Amino acid sequence: MNAVFILGLAILVIGVLSVAFVRPKTYVARLINLEIPAWGLLLVMLAYDEALAILTFVAVTAIGTFVIVRLMEWRDASC
């Protein structure tokens, strides 16, 4: 196994846990912590192909940001 692949998997797992069990339960903290697994996924994909890594990173970041921002808007509107 490649060192970049193992590092990417470790960052991916740590990032997923940091998003799931964030201490200050604010949406900004969740949005910031969402970038951690995206970087882990980028490193995993870099172990295979550079173009695939960049496209995956952009897609995960864009979709994740869109979902969290929509969730923040929905929660603010319901209060």
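A residue counts as buried when its relative accessible area is under 20%, as exposed when that area is over 50%, and as partly exposed in between. Keep this cut-off at hand for the exercises below, which all use the predicted model shown above.

**Exercise 1. Classify two aromatic residues**

Task: Decide whether Phe-5 and Tyr-48 are buried or exposed.

Solution:
- Step 1. Take Phe-5: its relative accessible area is 13%, so Phe-5 is buried.
- Step 2. Now take Tyr-48: its relative accessible area is 59%, so Tyr-48 is exposed.

**Exercise 2. Get an overview of the chain**

Task: Find out how many helices and strands the chain has, and what share of its residues is buried.

Solution:
- Step 1. Count the elements: there are three helices and zero strands. Read from the N terminus, their order is α-α-α.
- Step 2. Look at the dimensions: the C-alpha trace spans about 50 × 25 × 10 Å along its principal axes.
- Step 3. Check the burial: of the 79 residues in the chain, 25% are buried.
- Step 4. Turn to the surface: the accessible surface comes to about 5600 Å², and carbon and sulfur atoms account for 74% of that area.
- Step 5. Finish with the contacts: among those between residues at least 6 apart in sequence, 54% join residues at least 24 apart.

**Exercise 3. Find the two sides of helix α1**

Task: Work out which residues of α1 are buried and which exposed residues sit on the face turned away from them.

Solution:
- Step 1. Locate the helix: α1 covers residues 3-20, which makes 18 residues. From first C-alpha to last, α1 reaches 26 Å, close to the 26 Å expected at 1.5 Å a residue.
- Step 2. List the buried residues of α1: Phe-5, Gly-8, Gly-15, Ser-18 and Val-19.
- Step 3. Look down the axis: the buried residues of α1 fall within an arc of 150°, so they line one face of the helix. Here is a helpful rule: an α-helix has 3.6 residues a turn, so residues three or four places apart point the same way.
- Step 4. Turn to the face directed away from the buried side: Ala-3 and Ile-14 are exposed there.
- Step 5. Ask what provides the cover: α2 (27-46) is among the parts that cover the buried residues of α1.

**Exercise 4. Zoom in on Ser-18**

Task: Place Ser-18 in its helix and decide whether this residue is buried or exposed.

Solution:
- Step 1. Ser-18 belongs to helix α1.
- Step 2. With a relative accessible area of 19%, Ser-18 is buried; the cut-off for this is under 20%.
- Step 3. Setting aside neighbours within four places in sequence, Ser-18 is in contact with Asn-33 and Ile-36.

**Exercise 5. Assemble the largest nonpolar core**

Task: Find which residues make up the largest nonpolar core and which element gives the most to it.

Solution:
- Step 1. Name the five members: Ala-38, Leu-42, Met-45, Ala-53 and Phe-57.
- Step 2. Sort by element: α2 and α3 (50-78) are the ones that give two or more residues to this core. The most come from α2, with three residues.
- Step 3. Inspect α3: this helix has 29 residues and reaches 42 Å from its first C-alpha to its last, close to the 42 Å expected at 1.5 Å a residue. Its buried residues are Ala-53, Thr-56, Phe-57, Gly-64 and Ile-68, and α2 is among the parts that cover them.
- Step 4. Follow one core member: not counting residues up to four places away in sequence, Phe-57 touches Ala-38, Trp-39 and Leu-42.

**Exercise 6. Compare the aromatic pairs**

Task: Find how many aromatic pairs the structure has and describe how the rings are arranged.

Solution:
- Step 1. A search of the whole structure gives two aromatic pairs.
- Step 2. Phe-5 and Tyr-48 form an edge-to-face pair, 5.9 Å centre to centre with 80° between the planes. This pair links distant parts of the chain: Phe-5 is in helix α1 and Tyr-48 in the loop between α2 and α3, 43 residues apart.
- Step 3. The rings of Trp-39 and Phe-57 have centres 4.9 Å apart and planes at 55°, so this pair is tilted. Trp-39 lies in helix α2 and Phe-57 in helix α3, so the pair ties together parts 18 residues apart in sequence.
- Step 4. Check Trp-39 itself: at 48% relative accessibility, Trp-39 counts as partly exposed.

Note on methods:
Residues are numbered from 1 along each chain as its sequence is written. This is a predicted model: local features need pLDDT of at least 70, side-chain atom pairs count only at pLDDT 80 or more; totals for chains, interfaces and linings use all residues. Side-chain values use heavy atoms; hydrogens and water are left out. Helices (H or I, at least four residues) and strands (E, at least two) are DSSP runs, numbered from the N terminus. The expected span of a helix is 1.5 Å times one less than its number of residues. Buried means under 20% relative accessible area, exposed over 50%, partly exposed in between (1.4 Å probe, protein chains only). The arc is that of the directions from the helix axis to the C-beta atoms. Contact means heavy atoms within 4.5 Å. A nonpolar core is a set of buried Ala, Val, Leu, Ile, Met, Phe, Trp, Tyr and Cys residues joined through side-chain atoms within 4.5 Å. Rings of Phe, Tyr and Trp (its six-membered ring) pair if their centres lie within 6.5 Å; planes under 30 degrees apart count as stacked, over 60 as edge-to-face and the rest as tilted. Accessible areas come from the Shrake-Rupley method with a 1.4 Å probe; for residues, only the protein chains shown count as cover.
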